[in-house]
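Subject: Structure handover

Hello,

Here is the structure I promised to pass on. Please open it alongside this note.

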Amino acid sequence: MAPRMSCSVVSILVLLAIHQPFTVHSRSLKSIDPSLTSFQSLEGTVKGQTRQGIREVKRYLKAFGYLDYGEGENDDVTLMDNKFDETLESALKSYQEFYHLKVTGKLDVNTLKQMSAPRCGVPDLVHPRHAERNATKHSKLRVVAHFNFFPNMPTWSKFRLNYAFGPIIGEVSPGEVREVCRRAFQSWSSVSQFTFGEVPLEDSPDIVTGFYRRDHSDGSPFDGAYNILAHAFTPTDGRFHFDADEHWTTSLTSTQIDLESVALHEIGHVLGLAHSNDEKAVMYAVTLAGSVKRDLQQDDINGIRVLYPSQ
Ligand SMILES: [Zn+2]
Ligand SMILES: [Zn+2]
């Protein structure tokens with residue numbers, strides 16, 4: 001359903017349409033090798049070199065929407081090699097651009113550090129083939145907005161949504177998980193027209209969440225502790241999943257991953273928001289251990305209000 005828009009909103013959306021050459025977000029994610037966390041050995045690698053571990057960098061950039069060798073039958077074979085080729089350089093530049101890193105096209109220390117950070121499994125919406133063309137436009141658009149929507153801007157056609165819990169396993173008790181999610185839903189409710197209520201799983205809920213390990217039959221396997229923390233599907237699918245192997249916490253003083261911060265982020269996806277490249281935003285893909293983002297930021301609020309303008 002196409003939302004109604006005011007003139008100013010339309011102008012923002014036109015800019016966003018230029019800004020965002022959509023890729024398909026629901027692609028199957030390949031498992032990311034845990035060796036990603038020790039990427040440091042690749043520091044300084046540049047185009048033309050062949051190094052052990054480059055293959056994992058390629059898989060990472062492909063999984064998150066930056067690298068595309070095309071749909072040819074050699075796609076996977078090409079991805080298996082350890083050569084730093086031109087396509088990888090282009091994908092790296094695109095990644096560096098999105099994360100406000102220095103755009104070097106090299107595996108420099110800051111880029112490797114960023115790639116090792118725990119993050120959401122939903123791809124960022126940057127298409128490498130368009131990255132250079134859009135590079136100059138990006139700098140102007142940042143002034144307008146950092147938030148993004150999914151391809152074709154899928155939305156809910158109702159504002160009362162019921163949610164239920166699937167399996168709750170791992171280090172946080174079911175009671176705490178329910179309370180954390182209740183607060184996260186309430187945060188979105190307080191800045192939008194949505195209201196949320198918990199129902200039993202058998203009552204056909206609009207939204208279902210839970211904790212899952214590794215391959216859990218939705219095409220996007222989790223990867224064990226670290227790297228991918230959680231993921232969600234676009235409207236009106238309603239699923240958002242936490243990786244049960246993470247060391248989740250509900251404590252503000254813990255050095256582990258804050259469950260409420262990630263729940264707030266994933267609910268944003270469930271409502272139709274993609275990743276923002278404002279690092280202060282809840283919809284920023286990375287959640288560092290020990291950091292807490294339990295309050296929606298202006299960029300998040302702008303995003304949900306543009307996607308669902310008030311009647
Ligand atoms: Zn995300
Ligand atoms: Zn899942």
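What follows is a short account of the fold and of one helix pair.

Bear in mind that this is a predicted model.

The overall picture comes first. The protein chain has 311 residues, and 40% of them count as buried. It holds nine helices and seven strands. Among contacts with a separation of 6 or more, 75% join residues 24 or more positions apart.

Now the helix pair. Helix α7 covers residues 174-189, and helix α8 covers residues 259-271. Their axes lie 9 Å apart, and the packing angle is about 50 degrees. That falls outside the ranges for roughly parallel (under 35 degrees) and roughly perpendicular (65 to 115), so α7 and α8 are oblique to each other. Their crossing is right-handed.

Which residues meet there? From α7 come V180, C181, R183, A184, F185, S187 and W188. From α8 come L259, E260, A263, L264, I267 and L271. By type, the residues of this contact divide into 10 nonpolar, one polar and two charged.

A few more points on α8. Is α8 buried or exposed? Buried: 13 of its 13 residues are, so α8 is largely enclosed by the rest of the structure. Its length checks out too. At 1.5 Å a residue, the 13 residues of α8 should span 18 Å, and its end C-alpha atoms are indeed 18 Å apart. Just after α8 sits G272, with a positive phi of about 120 degrees.

Best wishes

Notes
Residues numbered from 1 in each chain as written. Chains lettered and ligands numbered in written order. Predicted model: local features only at pLDDT ≥ 70, side-chain atom pairs only at ≥ 80, totals over all residues. Helix = DSSP H or I, 4+ residues; strand = E, 2+ residues; numbered from the N terminus. Buried ≥ 20, exposed ≤ 12 C-beta atoms within 10 Å, placed from the backbone. Contact = placed C-beta atoms within 7 Å. Axes fitted to C-alpha atoms, helices over the stretch in contact; angles between N-to-C directions. Parallel < 35°, antiparallel > 145°, perpendicular 65-115°, else oblique. Left-handed = near helix turned anticlockwise from the far one by under 90°. Nonpolar A, V, L, I, M, F, W, Y, C, P; charged D, E, K, R; others polar. Expected span 1.5 Å × (residues − 1).
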